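Let's take a walk through a protein model together. Keep the 3D view open and turn it as you read.

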Amino acid sequence: MSTGTTTTSATTDGATEAPPAPPAAPPVPLRRNWRFQALWAGQAGSTLGLQIIDTAYPLLLLALTGSSTLAAAFGALQIGASVLFGIHGGSVADRYDRRRILIVGDTTRLIACASVPLAMALDRLTLVHSLLVAVVVGATIAYTGPVRLLAVRSVVPPEQLRQALAQDEARMSGAGLIGPPLAGALFGLGRAAPFVGTALTSLLALVVAVLVRFPGRPESPADTSDTNATNGADEAGRTAPAEGAALAGYRYLARSALLRPILAVVLLINLAGTAMLLPVMVVLRGQGTSDAGIGLALAGEAVGALVGALLVRRLHRLAGPGVLLLAVSWLTVPMILAPLLPGGPAAVFAGLFLVGLGVPTLRVMIDLLVFQQVTDALRGRVIAATMTMFTVGMPAGMVGSGLLLDHLSPAAALGTVAALLAAGLVPATAGRTLRRATWPERTTA
């Protein structure tokens, strides 16, 4: 007898059992997942706009003031604001509606970016105005960055997460490749042109945030705490901190036996990668390479990352996360010395290309480890803490490279950076944690 909702069948001994459940329908292919693709387009516009402004603003400040120090102040203030507000940004992402956070952040950045060409048209642009925009842009990155990653997670089924994150890496790499030359071309049309372009890309991101709905409410921290109280705490500190604990993400990373060494190694790579840029430019300029040639040589990493985004799934099948991280890290050591090889800019491009091949693999690896091991109630703070840890290495690398060049030749500075990176990798390689790390088997609900 059938009730309309449950069907039973008789067995030989008179008992009844439910028939096997029908197989689950396969997920919609990622290319037809319009919510993901729309969010991806909005994020691509936002990232491209940031790349344009990061290049155009120093050019503008240099033209207005003639000071290299003030020209560099935009990047320093933007990064500083991103680091400072990053602590609060993760906490906000775990407490409030994430879609609204995205809308408010994109609106704020749109207003800030649009104010620059408007002030130019009124002949009212000042240095203070310009530096305030840098602070506002950096703050919006701190609040919208974690939410954009969480938005991708919420509209993609677990089995497609790696593919979605790989496509997201192509967005970042493409923006890094297109943004700087586009900013230079727009600046040639007029000083206001790059900032109009940035405002338009911010408008695109805002429109997408308004039109595309995605689950924006994180899980209740109280519910997570009840579950963790039942299951106990794991090696990574599974117990959820109280709502509003802004430093909970950092505490989670510090307690995680796997994420802690992974982030330490990535921080070393970021430090070394940033520290090598200035010596590389000095070496190439000393070899007579033009500014355009230097730009093309430094584009090798972005080109490599674009190609590497296509290899993410294959490389993840090839080895565990720790082994991949160590392999890319050790490959970076000799590539730092590529500018000293014959070939000049071609050698630099080739070295950066090889390093760039592994960048998407590492970024997706970290995203997957965070998504699959951190509960939703804490995920925003952990992502924000991770982004802040990566960002901190950039100004430190810039300052370090300047100090090295004050006392050493460019070749010696590159050798020092390579040696320091190798020395930092030895303990991580000798330990068992990274070498034995495996991929998580399932995604946390």
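Start with helix α1, which makes a handy ruler check. The model you're looking at is predicted, so a test like this is a good habit. At 1.5 Å a residue, the 32 residues of α1 should span 46 Å, and the C-alpha atoms at its ends are indeed 46 Å apart, so expectation and model agree. Just past the end of α1 sits Gly66, with a positive phi of about 75 degrees.

Try the ruler again on α6, residues 193-211. Its 19 residues should cover 27 Å at 1.5 Å a residue, and since its end C-alpha atoms are 27 Å apart, the numbers agree here as well. Now look at which residues of α6 are tucked away: the buried ones include Pro194, Phe195, Gly197, Thr198 and Ala199. Further along the helix, Ala205, Leu206, Val208 and Ala209 are among the buried residues too. What do the buried residues of α6 pack against? Their partners are α1 (34-65), α3 (98-121), α4 (127-154) and α5 (161-189).

Some of these helices also meet around an empty spot. Rolling a probe the size of a water molecule over the atoms shows where empty space is left. In this structure there is one cavity of 30 Å³ or more, and the largest cavity holds about 40 Å³ of space. Which residues line the largest cavity? You'll find Leu39, Gly42, Gln43, Leu102, Asp106, Arg148, Ala205, Val208 and Ala209 there. Helices α1, α3 and α6 each give at least two residues to that lining. Ala205, Val208 and Ala209 may ring a bell, as they're among the buried residues of α6.

Stay with α3 for a moment and find Thr108, which is part of this helix. Is Thr108 buried or exposed? It falls in between: with a relative accessibility of 34%, it counts as partly exposed, because that class runs between 20% and 50%. Setting aside residues up to four places away in sequence, Thr108 touches Val136 and Thr140. Ala139 is 31 residues from Thr108 along the chain, yet the two C-alpha atoms are separated by 9.7 Å.

Follow the chain out of α3 and you come to the loop between α3 and α4, where Asp123 lies. Most residues other than glycine have a negative phi, and most peptide bonds are trans. Asp123 isn't a glycine, but its phi is positive, at about 55 degrees. With 71% relative accessibility, which is over the 50% cut-off, Asp123 counts as exposed.

Next, head for the greasy inside. The largest nonpolar core has 79 residues, and the ones touching the most other members are Ile262, Leu325, Ile336, Met365 and Leu434. Helix α9, residues 259-286, gives the most to this core, with twelve residues. Pick out Met365 and look around it: leaving out residues up to four places away in sequence, it touches Ile262, His316, Pro321, Leu325 and Trp439. Apart from this core lies another, made of 25 residues, including Leu60, Ala119, Leu131 and Ala134.

Helix α10, residues 291-298, is the next stop, and Ile294 is found in it. Ile294 has 6% relative accessibility, so it counts as buried, the cut-off being under 20%. Apart from neighbours within four places in sequence, Ile294 is in contact with Met281, Leu284, Arg285 and Thr289. Between Ile294 and Val282 there are 9.7 Å in space, C-alpha to C-alpha, and twelve residues in sequence. Gly295 belongs to α10 too, but Gly295 is partly exposed, since its relative accessible area is 42%. From Gly295 to Pro345 is 50 residues in sequence and 9.3 Å in space, C-alpha to C-alpha.

Finally, zoom out to the whole protein. It has 17 helices and two strands, and 48% of its 445 residues count as buried. Of the contacts between residues at least 6 apart in sequence, 83% join residues at least 24 apart. The accessible surface comes to about 20,700 Å², and 66% of it belongs to carbon and sulfur atoms.

Conventions
Residues are numbered from 1 along each chain as its sequence is written. This is a predicted model: local features need pLDDT of at least 70, side-chain atom pairs count only at pLDDT 80 or more; totals for chains, interfaces and linings use all residues. Side-chain values use heavy atoms; hydrogens and water are left out. Helices (H or I, at least four residues) and strands (E, at least two) are DSSP runs, numbered from the N terminus. The expected span of a helix is 1.5 Å times one less than its number of residues. Buried means under 20% relative accessible area, exposed over 50%, partly exposed in between (1.4 Å probe, protein chains only). Contact means heavy atoms within 4.5 Å. A nonpolar core is a set of buried Ala, Val, Leu, Ile, Met, Phe, Trp, Tyr and Cys residues joined through side-chain atoms within 4.5 Å. Accessible areas come from the Shrake-Rupley method with a 1.4 Å probe; for residues, only the protein chains shown count as cover. On a 1 Å grid over the protein atoms alone, a cavity is a set of points where a 1.4 Å probe fits but cannot get out, and a pocket is an open set with protein on both sides within 12 Å along at least five of seven lines; lining residues have an atom within 4 Å of a point. Grid points are joined across faces, edges and corners, and a volume is the space filled by probe spheres set on the points.
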